[in-house]
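Welcome! Below are some short exercises, each with a worked solution, to help you find your way around a new model. Keep the viewer open and try each task before reading on.

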Amino acid sequence: MALPALPKVELRELGNTGLKLSCVGFGASPLGNVFGPVSDDEAIGSVREAFRRGINFFDTSPYYGGTLSEKVLGKTLKALGVPRSEYIVATKCGRYADGFDFSADRVTKSIDESLERLQLDYVDILQCHDIEFGSLDQIINETIPALKKLKEAGKIRFIGITGLPLGIFTYVLDRVPPGTVDVVLSYCHYGINDSALEDLLPYLKSKGVGVISASPLAMGLLTESGPPEWHPASAELKSACRAAAVYCKERGKNISKLAMQYSLSNKDISSVLVGMNSIKQVEENVAAAVELETVGKDEKTLAEVEAILKPVKNQTWSSGIQQS
């Protein structure tokens with residue numbers, strides 16, 4: 001007797017690209033041992049399970065683990081043994097272990113290095129990584145034109161920009177021809193504690209730009225174990241998130257699942273990107289997405305958590321923005 005089909009995550013269109021991304025995206029930074037060592041078996045197992053459960057979008061960067069994330073992701077995707085058209089790969093340029101360099105020369109070399117590490121002929125999306133740390137005018141006048149040439153050469157299919165402060169996206173998109181930038185990747189701005197990205201969604205839609213939102217758990221704030229020591233949030237924000245996590249745990253609820261489902265609920269966000277490095281994490285994230293689609297989220301607990309976090313709602317932190 002055939003086994004029942006596994007529930008899979010839904011696919012969503014990404015702006016005007018024609019790509020359909022899994023609503024849960026596989027963040028591959030943990031494959032670069034960013035959060036502790038990951039064996040080849042764990043890496044291959046987690047990517048295989050993700051693909052089996054309908055996750056077709058994998059995001060990495062040469063910055064993660066000093067290029068290790070790209071190498072490991074390349075190896076795991078090859079191990080899938082499926083046609084290249086069945087998965088979508090995004091990587092980044094401009095941010096490296098030794099610092100930032102958004103020059104045309106560096107990003108042009110960067111994609112060749114990334115393709116070699118990923119064992120691919122092209123990536124679907126190449127994103128300028130954390131552009132607030134560079135000159136936004138250089139991004140507009142030098143970096144993006146260089147990426148357009150890479151698009152024409154067939155090394156990349158679509159162009160994206162990433163960063164923390166939301167103002168960087170309007171600054172760039174208002175100064176490049178329509179259709180030049182295909183995707184934005186925002187992080188820590190669409191979660192229970194901070195949903196500031198929501199106000200920008202109509203603008204991004206009007207520009208035909210697809211939206212990916214990363215860090216639904218706010219880099220560890222919305223977890224039972226709490227954020228890492230280096231987390232840049234204020235003591236007030238950390239304290240409120242800790243209180244919310246304890247509140248959930250005392251009632252037999254998991255704040256991380258609630259946070260994931262909150263982020264997934266907005267269909268104008270094509271994919272919610274979350275770091276994964278184990279089959280268990282894949283299963284938990286897929287289960288959260290499937291439950292949201294079939295049963296819905298726990299509105300009562302969500303409302304109670306939102307009330308706890310209301311005094312710190314949309315409180316963010318600096319990431320060193322500068323404009324020239």
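**Exercise 1.** Find out how much space lies in the largest pocket, and which residues line the pocket.

*Solution.* Start with the volume: the largest pocket holds about 1600 Å³ of space. A pocket here is an open set of points on a 1 Å grid over the protein atoms alone, where a 1.4 Å probe fits, with protein on both sides within 12 Å along at least five of seven lines. The volume is the space filled by probe spheres set on the points, which are joined across faces, edges and corners.

A word on the source: this is a predicted model, in which local features need pLDDT of at least 70 and side-chain atom pairs count only at pLDDT 80 or more, while totals for chains, interfaces and linings use all residues. Residues are numbered from 1 along each chain as its sequence is written, and side-chain values use heavy atoms, with hydrogens and water left out.

Next, the lining, meaning residues with an atom within 4 Å of a point. There are 49 lining residues, and Phe35, Ser215, Met219, Gly220 and Gly275 lie nearest the centre of the pocket. Sort them by class: 23 are nonpolar, 19 polar and seven charged. Here Ala, Val, Leu, Ile, Met, Phe, Trp, Tyr, Cys and Pro count as nonpolar, Asp, Glu, Lys and Arg as charged, and the others, Gly among them, as polar.

Finally, look at the elements (DSSP runs numbered from the N terminus, with helices being H or I of at least four residues and strands E of at least two). Helix H9 (279-294) gives the most to the lining, with four residues. Strand S12 (271-275) and helix H8 (255-264) are among the elements that each supply at least two.

**Exercise 2.** Is strand S10 (residues 183-187) enclosed or open?

*Solution.* Count the buried residues, those under 20% relative accessible area (over 50% is exposed, in between is partly exposed; 1.4 Å probe, protein chains only). Five of the five residues are buried, so S10 is largely enclosed by the rest of the structure. Then check directions: Val183, Leu185 and Tyr187 point one way, and Val184 and Ser186 the other. In a regular strand, side chains alternate between the two faces of the sheet.

**Exercise 3.** Which strands pair with S10, and how does the chain travel between them?

*Solution.* Two strands pair if DSSP finds at least two bridges between them. Strand S9 (residues 156-163) runs parallel to S10, joined by four bridges, with Gly160 opposite Val183. From S9 the chain passes through helix H5 (residues 167-173) to S10 in a right-handed β-α-β crossover. Right-handed means that, with the strands pointing away from the viewer, the path from the first strand over the helix to the second runs clockwise.

On to strand S11 (residues 210-214): five bridges pair S11 with S10 in the parallel sense, and Ser186 faces Ser213. Helix H6 (residues 201-206) completes another right-handed β-α-β unit with S10 and S11.

**Exercise 4.** What are the neighbours of Leu273 in strand S12?

*Solution.* On S11, the bridge partner of Leu273 is Ala214; S11 and S12 pair in parallel over three bridges. Gly25 also stands opposite Leu273, and strand S3 (residues 24-27) pairs with S12 in the parallel sense over four bridges. Four of the five residues of S12 are buried.
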